[in-house]
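Here is a short tour for anyone meeting this structure for the opening time. Take a moment to look at the model, then read on.

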Amino acid sequence: MCARWMQLGAFYPFSRNHNALGTKRQDPVAWNSTFEDLSRSVLKTRYTLLPYLYTLMHKAHVEGSTVVRPLLHEFIEDKETWDIFLQFLWGPAFLVSPVLEPNSRQVSAYFPRARWYDYYSGSDIGVRGQWKDLSAPLDHINLHIRGGYILPWQEPANNTHYSRRNSLGLLVALSDNGTAEGEFFWDDGESIGMCRLLRLNLYQSWYPNHLAFKEIKIFGLNFQPFLVTVKENNIPIQSDAEIKYDPATKVTHITRLNLELGKEYTVEWSTKFRDTEKFDCYPDADGAQEEKCKLRDCVWEPTNSTGVPFCYITKYYYTASNIQNTGVGLTADISRNAEVNHYPSTPINQLRLDVTFHKNHMLQFKIYDANNKRYEVPVPLNTPNSPTSQPENRLYEVTIKENPFGIEIRRKSTGTVIWDSQVPGFTFNDMFLRISTRLPSHYIYGFGETEHTTFRRDLNWHTWGMFSRDQPPGYKKNSYGVHPYYMGLEEDSNAHGVLLLNSNAMDVTFQPTPALTYRTIGGILDFYMVLGPTPELVTQQYTELIGRPVMTPYWALGFQLCRYGYENDNEIAELYDAMVAAQIPYDVQYSDIDYMERQLDFTLSPKFAGFPDLISRMKDAGMRVILILDPAISGNETKPYPAFTQGVQQDVFIKWPNEDSIVWGKVWPDLPNVTINGSLDWDTQVELYRAHVAFPDFFRNSTVQWWKQELRELHTNSREPEKSLKFDGMWIDMNEPSSFVNGAVPPGCRNDTLNHPPYMPHLESRDRGLSSKTLCMESQQILPDGSPVRHYDVHNLYGWSQTKPTYEGVQEATGKRGIVISRSTFPSSGRWAGHWLGDNTAAWDQMYKSIIGMSRSKGMICGEIVKKSLEGFSGSLCRRGQLSIHLRQDPVSWNSTFEDLSRDVLNIRYTLLPYLYTLMHKANVEGSTVVRPLLHEFVEDKETWDLFHQFLWGPAFLISPVLEHNARNVNAYFPNARWYDYYTGSDIGVRGQWKDLSAPLDYINLHIRGGYILPWQEPANNTHYSRRNSLGLLVALSDNGTAEGEFFWDDGESIGMCRLLRLNLHQSWCKGYIIIPLSTSVFLPILRSIHFNDLFDCLLRIYCLSELARISEII
């Protein structure tokens, strides 16, 4: 108790140890050396701060202000402070949080809404408007300094007679805006009437003057300062000043100053940017050079460090003002300063910031032109009509920093800063928008669609472009879709997600600060953030925002076969018959553009005249068919071609701005009545043989109706019924949109500024401009409300705009749920379509990259159904795709060994389809992931944060494939749970460890997580028959002898059907039976069709609708 009294008393205005008559001595030297050390330490802190305390005494004397100050005096707007009396302040800036309870070694302290620094370390504690438990060992009292204040201090001594002769210093605690101010009163300390009052101000870009000190400590300085200059009366003088900087705590210590009282000084320093703090000033396509760098008023500093920009930004260009709290958000005016613009295009000087607290876990911050309307993405998101968040329940707090402008977002529960854009370089020009943010860790996942070599993004100076392009997967090559979304893990395992809703061409640069820079060439900056806090919750919240994944039909989860290059329908028929004969499970047959006449949409090639009958034969046997369509429509036909003529009549095609003429490109359709010389080079063939094509504008209402009609006519041909193609789903390809000419047929594009913008993002064929392999950027499209937009702004939305009309058209044509697979996607495409990962090659590296792609797509991009041109478990949908230039690679094209292997692994897949289908349902209604990275289930285990060679189906089914050539074993990680071998059912006895597993060529390692129930079904040649087979439950007990699961069931193809069965198991050893209560939402007729295998030598009791059903009733 005396130790705690000593600590508390050291911060009374007058600190005295008084002992009563007849009591034991209690002075500091009456105990032991431990107490002496404790007393010495805390009193040295007091003596160090006596200049600040003396200044407060002076202000109390002349102004009547308080010295020891209740928190409510400074934070009256915070009602939490109204009842706080176990903490107190010295003046406005020094917070004392003593221990006041016996045997306590921690203290619960409240930190009002301000920036607070630990007095001892100088680090920002990251807590605002919250209580926090603080460690408080016996020799420690918690002391904190409020940001925005300067405290004078002095080297302590044995008494003030000597301490007043020691050097003085300043402790500068920066506010969010990088400023601080304070006062310093000085006289001889004892005479009557003497007075010296020094007012101190510090701005992070300017420096304190009128100083009389030996050293200065600055808390919260983001960049390392160097080259100290001391000026007396504004004239530089010789100085031996030194600077030390701790990047971890952001504390700067300037020493060896000699600034005498009574004289006027200025202390200045330059800011040294550590390599990791350098934000690229010249990412332009023509490359950084010293002269160009200096023209942008940036710093040129060559370095040998790989990736570090030679030319980097040190300037801030915008400030915020008029910050208002609306109760459901914040608003601010943002103004550009007087700095001359040296960046591409015209700066926008007056901006507006709107921050909206939509939900407790979701917020939006939007920066836009305050005076002129700019293009905004016409993709609807699911946000409340009015915000529903409540201040006390929000997971976040937002601070708008004024000068320089920045936005800071913290997680309230931990104080972790998850977004901090107060870094150099924020720019908002007409065709060049740039914003950077510090990141809370190096664990960032997402951003697509580009090929990545790891699941986690490499933050070591990498730039990734995003602009939809007909580009097969390749490292750092922007590909088919655009998804400016990422999930970030914080060091304490919390997770958050960030979406930039911007559809213009852009790139993002990662650097090891860690930090991220967005650069986009149009629109506005419209960010959405969800705060989880788990990775799985982040994904659910993200899909809640953009729309849940579409519910796939059951048959689509079966095995699918596809090839580009089927010569005729007989080749497909032979493949089908061979697969049936080999008894290899198989549900879906695709046909690529081979079935079309000259690659013309909505036509049938004479070589495929028997295809309609083959489709009928396959469908009679339970098979399904998916056809391909490209968006481009030929305009060179010599015979009637309704798709084009009706399209012209209904005004569905993309045109030049302010004209009635079509923007013509070239894609797959060949000209009629020509003989193609295949020996010619590709470009020559395109020039000589490819037809002019028009591109439908799927934003137009007329186009939507035209497209649906064409789909219905393809399915049920009213003109030639024998050519009806009874498809079950649609594969929409080439919808980036892709063209085989750059921009348009000669004379080509007309607006060089749009096609070769002032800043060209880091994209494939960067030197060719934005129109490379696609339309001219000035092409005009018409939104559903009739407003015109440039293709420059909506290019990345072309596939998105085609998706919904196609999905609705499939359903209208077939009357069933159907499925659409789109090559080009954008956030929310998953509401109507799945996605496949593109034209990958049959290479070993593509196998592990497919896992990255699935994990990113199912969890990080848009919750889409994903398929991959590989076998087995590698996709939510499983398709074998082949190119015509390669040998056949389907299961029956090799030998009996490969047939056996394929049959075995696909039988396992079909056995588990009830579980997979249940996961699909949960994705559809809850937004949960199907293909799941291990970190989604075991985020507390940092070993999982970098795992991508294994994956989960849902929470419970672990897949550990072989991904290396000639490997016959696999090194697999098993997080801390109970794991069972799928084949034997035995507990493998490994937890939180890596294990080498045997993996012969005919074997894939599969494991079940304890605590879960997986529904399964006897497999068959396709799902039409397997769905008639008996069902079972696979129950994997946890350590506690319990398990739970869910089972979703409907007819598998109708629109809107739903049956969800919740399963729970509790093993009662004393009674010797297992109880499985079933949800009352399940109907008994369904239950009677289920067969439960004998799981244990005990009784199964099944409860349904509060009635006990006998085993005989359900078998």
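D297 sits in the loop between α6 (290–295) and β18 (299–300). Please keep in mind that this is a predicted model. The phi of D297 is near 60°, a positive value in a residue that is not glycine. That is worth a second look, because most residues other than glycine have a negative phi, and most peptide bonds are trans.

The backbone also holds cis peptide bonds, and two are listed here with the angle of each.

| Peptide bond | Omega | Place of the second residue |
|---|---|---|
| G448 to E449, cis | near 10° | E449: strand β29 (residues 443–450) |
| P746 to P747, cis | about 15° | P747: loop between β42 (729–732) and α13 (752–755) |

Now for the inside of the protein. Rolling a probe the size of a water molecule over the atoms shows where empty space is left. Here the count comes to seven cavities of 30 Å³ or more. The second largest cavity has a volume of about 60 Å³. Where does the second largest cavity lie? It lies between domain 2 (316–546) and domain 3 (559–856), because both domains give residues to its lining. The lining of this cavity is made of 13 residues, and F467, R469, G769, L770 and S772 are the ones nearest its centre. By type, the lining has four nonpolar, seven polar and two charged residues.

Finally, turn to the surface and the start of the chain. Which residues form a nonpolar patch there? They are M1, W5 and Y12, which together have about 400 Å² of accessible area. Of these, W5 belongs to helix α1 (residues 2–9).

How values were computed
Residues are numbered from 1 along each chain as its sequence is written. This is a predicted model: local features need pLDDT of at least 70, side-chain atom pairs count only at pLDDT 80 or more; totals for chains, interfaces and linings use all residues. Side-chain values use heavy atoms; hydrogens and water are left out. Patches are made of residues with over 30% relative accessible area and no salt bridge: like charges are joined within 9 Å, nonpolar side chains (Val, Leu, Ile, Met, Phe, Trp, Tyr) within 5 Å. Accessible areas come from the Shrake-Rupley method with a 1.4 Å probe; for residues, only the protein chains shown count as cover. A salt bridge is a side-chain nitrogen of Lys or Arg within 4 Å of a carboxyl oxygen of Asp or Glu. Helices (H or I, at least four residues) and strands (E, at least two) are DSSP runs, numbered from the N terminus. On a 1 Å grid over the protein atoms alone, a cavity is a set of points where a 1.4 Å probe fits but cannot get out, and a pocket is an open set with protein on both sides within 12 Å along at least five of seven lines; lining residues have an atom within 4 Å of a point. Grid points are joined across faces, edges and corners, and a volume is the space filled by probe spheres set on the points. Ala, Val, Leu, Ile, Met, Phe, Trp, Tyr, Cys and Pro count as nonpolar, Asp, Glu, Lys and Arg as charged, and the others, Gly among them, as polar. Domain bounds come from an automatic or database domain assignment.
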